[in-house]
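How do we know that a feature in a structure deserves the name it is given? Please look at the sequence and the structure first, and then follow the questions and answers below.

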Amino acid sequence: MRQGARVAGGMLGVAILLIGWQMLAQALYQGRLIAGPVGIVEWLGRDPGLALRALARTLGNAAAGFALGNLAAILLAGIAFLWPRLQDLVTGLALVAFCLPLIATGPILRVLMGPGEGPQIVLAALAVQYTTLIPLLTGLRAVPAAWLDLIHSYGRGRWVELAHIRARAALPYLFAGLQIGAPAAVLGAMVGEFTGAERGLGVLTIRYMRDLDVPALWGVALLAAGASLAAYWAIGGLARLVLDTRPPVLLAPPMRQLRTGRVVGGLTLALAVLLLWWGGLWLTGLNPFLAKGPWDVLAALVWAPDATQMRAALFGALRESAGLAVPGYLAGLAAGAGLAILLTLLPGAGPLVMPVAVALRAIPIVTTGPLIVLFLGRGALGTITLVAVMVFFPTLVACLHGLRQAPGHILDLLRVHAAGPLSQMIHVRIPAMLPALFAAARISVPTAILAVTVVEWLATGRGLGSLMALAASTSDFRMLWSAVALITLLAVLCHAVVAGLERRVLARYAPEQLRQ
Amino acid sequence: MPDSIGSEAIICTGLAKTHPGGIEAVAPIDLRLMAGQTTALIGPSGCGKSTLLRLIAGLDQPDAGQVIILGMTPEKARRRAAISVAFQDPSLLPWLTVRGNLGLARRLARQRPDPVRTLRLIELVGLAGFADTRPAALSGGMRQRAAIARALVTQPQVLLLDEPFGAVDELTRRQLARDLPPLWQEAGTTTLLVTHSIAEAVTLSDRIIVLSSRPARIVADIDVPLPRPRPADLAEDAGFRAIAAKALAALSALT
Ligand SMILES: Nc1ncnc2c1ncn2[C@@H]1O[C@H](COP(=O)(O)OP(=O)(O)OP(=O)(O)O)[C@@H](O)[C@H]1O
Ligand SMILES: [Mg+2]
């Protein structure tokens, strides 16, 4: 019954959307900025083969990266679980990989791996691994002690525990990670295509962007969004088949306090990253002109003859990008949390909006970047809006979910004392929402960087993205590697700041979230 | 119980446990339980009954003293599937049906599946129509009964039950009190049962041990020499009332 109502509601929504959209396209800009469904279908009809081949190529790469990234995540989760001492290091390295700026990593991978599909696949894998690893680890650990007692009461040990309890208990978390990963993989593959592939939806985007072919741009964005949504739903359906329930709507649980303490943990991680970087270059024996080591980057930024210019260019671009990313990021968080609160206050709105928001979260918004720039121009507003939209949807979904997690018996208690919806919101629901808000805030750090750099690369010609485009076209590998190192470092630091803030707030409002 | 009369199934000597944080839960306790007997453990809430049970099962390590079960360490006894525990919290696995939970217990105990015995036990605890239901769709009392059935399905020699009837309604409780003891007698099971109900303790057991408030110490050790099978209207019996009064007096003396 509820399922039926939801499907009917969804279809009605789609119909209204389509009609309203066509009318808007006609009325507002005579089709110059918004292409209506009619224009898009015309584009598709012009050369269906081209669009479908590009779609197939992008999806193939995304699927390969998805498989690779998730396999790596499962492997890493196994390692971190079996050797708890390694957990901080493993999750730290995964975070660093997650924070790699795709737009600067793409061109480097391009020269290292050649013109084929390699970079797209690697970027897709990088984009999915972290959001699978962290929930999976939580799932493996978040098992009631009583279940383990049961295993032990029959004299069985860790392996049976893993096989019969933990693996199964972690399944919903794994599916949640996979579900979030599906659109992320499409996104990663398309960013790889932006940075110099030969085929795929990303390549088409760049071409249509140059030609200002609005219906085609809309068409490509819709194809990417549709494919992501389909993958997202398919995984959700599979999860329901396997689990009998839908996977949890969770992003990433709060970070545990490091076992080793923050300073030692940070230093160990830094050392491990440097070792991997340096060791990787040494093992693969790559051409030193293309592949720069930690030492080269340090030299380029500190004591090389042109270090001053390097720093000026890099930090100037950084300042420009940060000036767009930070306001967008904050606006996205605020809008997501605010709308979630508003919708929860409106009776009956929550259940209606949730499925729509969950679906929209699955759309790789970056692929619509060119459209937003078309709309709002190449100035600051367009970029900030895109960042905000990218951050907005995951935050909205997480916060809606968090608001619903408010413990029912406490709400009942408030109702007994005749507390109104507003005071229920302030005293119970918002504190219950905080963990979800912070999870979204952490995960959105790399998202914001990605959004800014992609728009700058594709459209605005400013900031880090544009600097990377320039460096790639002039084969300035010192600049590319320095940018990757610097942006990753900053992203990890920002993430650490948000996580620190999160620990403080949760210690006060949701202490149970920190115990694990 | 015939061949095991006289031997001791569980021997605790000088058993003591202090929880992290300095909460002294079990004072040094000496306890010997005869094979095939049912012993009830009563005492104030929070006095350390569950802790004592976990020590006996070897799920927690004592700070002092030792436990011998059937002549073995608890670890060895567990590995031989000689022990079953029904925890205070039913802790059924949510992704398995009632039948599946029982089946898993047999697998964990390295025993072959036994669908007939499994179904018989499910019926015995009054869950006849619910063998293929998952725990989420059961009431609290039904879950507890499923956990009791799970504890029995591996045919343990030692059965440790932690308030197994806490959420079970009065009628079902009576029915279980009628049906379970013959099962234990037949199999010669040594049962240690934590309960808050004096009536239940007298009805089910051969011996009642009263524990003091935390840290748990034995303050009374009461024999229950009532003949078995015990009738449903046992509470009317003068012997029953005398024993219940003794247990109540021992508990009341604590405050
Ligand atoms: N894991 C633990 N860590 C610290 N203290 C604990 C732990 N488990 C139990 N305690 C403490 O030990 C004492 C005894 O607890 P236990 O669970 O054994 O009581 P109980 O007699 O079973 O109580 P009840 O009848 O309410 O179930 C309590 O004060 C409890 O707070
Ligand atoms: Mg207890």
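**Names and their reasons**

Q: Where in chain B does Pro229(B) lie?
A: Pro229(B) is placed in the loop between S9 and helix H8 (238-252) of chain B, where helices (H or I, at least four residues) and strands (E, at least two) are DSSP runs numbered from the N terminus. This is a predicted model, in which local features need pLDDT of at least 70 and side-chain atom pairs count only at pLDDT 80 or more, while totals for chains, interfaces and linings use all residues. Residues are numbered from 1 along each chain as its sequence is written, chains are lettered from A and ligands numbered from 1 in the order in which they are written, and side-chain values use heavy atoms, with hydrogens and water left out.

Q: Which kind of peptide bond leads from Arg228(B) to Pro229(B)?
A: That bond is cis, and its omega is near -10°. A cis peptide bond also joins Arg214(B) and Pro215(B), with omega of about -10°, and Pro215(B) sits in the loop between strand S8 (207-211) and strand S9 (218-223) of chain B.

Q: What is noted about the phi of Ala81(B)?
A: Its value is near 60°, which is positive in a residue other than glycine; Ala81(B) belongs to the loop between helix H2 (74-79) and strand S5 (83-86) of chain B.

Q: Why is the pair Asp149(A) and Arg54(B) called a salt bridge?
A: The term asks for a side-chain nitrogen of Lys or Arg within 4 Å of a carboxyl oxygen of Asp or Glu. The side chains of Asp149(A) and Arg54(B) meet at 2.5 Å, N to O, so the pair fits the definition. Between chain A and chain B the count is one salt bridge, whereas a search of the whole structure finds 16 over all chains.

Q: What makes Arg478(A) and Asp306(A) a pair that links distant parts of the chain?
A: Their side chains meet in a salt bridge of 2.5 Å, N to O. Arg478(A) is in helix H20 (residues 477-509) of chain A, while Asp306(A) is in the loop between helix H12 (294-302) and helix H13 (307-345), and the two residues are 172 residues apart.

Q: How do you know how much area chain A and chain B bury between them?
A: Buried area is the accessible area (1.4 Å probe) that two parts lose on being put together, summed over both. By that reckoning the two chains bury about 1,800 Å², 62% of it on carbon and sulfur atoms. In chain A, Trp147(A), Leu150(A) and Tyr154(A) lose the most area to chain B, together 36% of what that side buries. Contact (heavy atoms within 4.5 Å) involves 17 residues of chain A and 24 residues of chain B.

Q: Why do Cys47(B), Gly48(B) and His196(B) count as polar contacts of ligand 1?
A: A polar contact is a pair of N or O atoms within 3.5 Å; within protein, one must be able to donate a hydrogen and the other to accept it, and residues adjacent in sequence count only if both atoms are side-chain atoms. Oxygen atoms of ligand 1 lie 3.2 Å from a backbone N or O atom of Cys47(B), 2.9 Å from a polar backbone atom of Gly48(B) and 3.0 Å from an N or O atom in the side chain of His196(B), so each distance falls within the limit.
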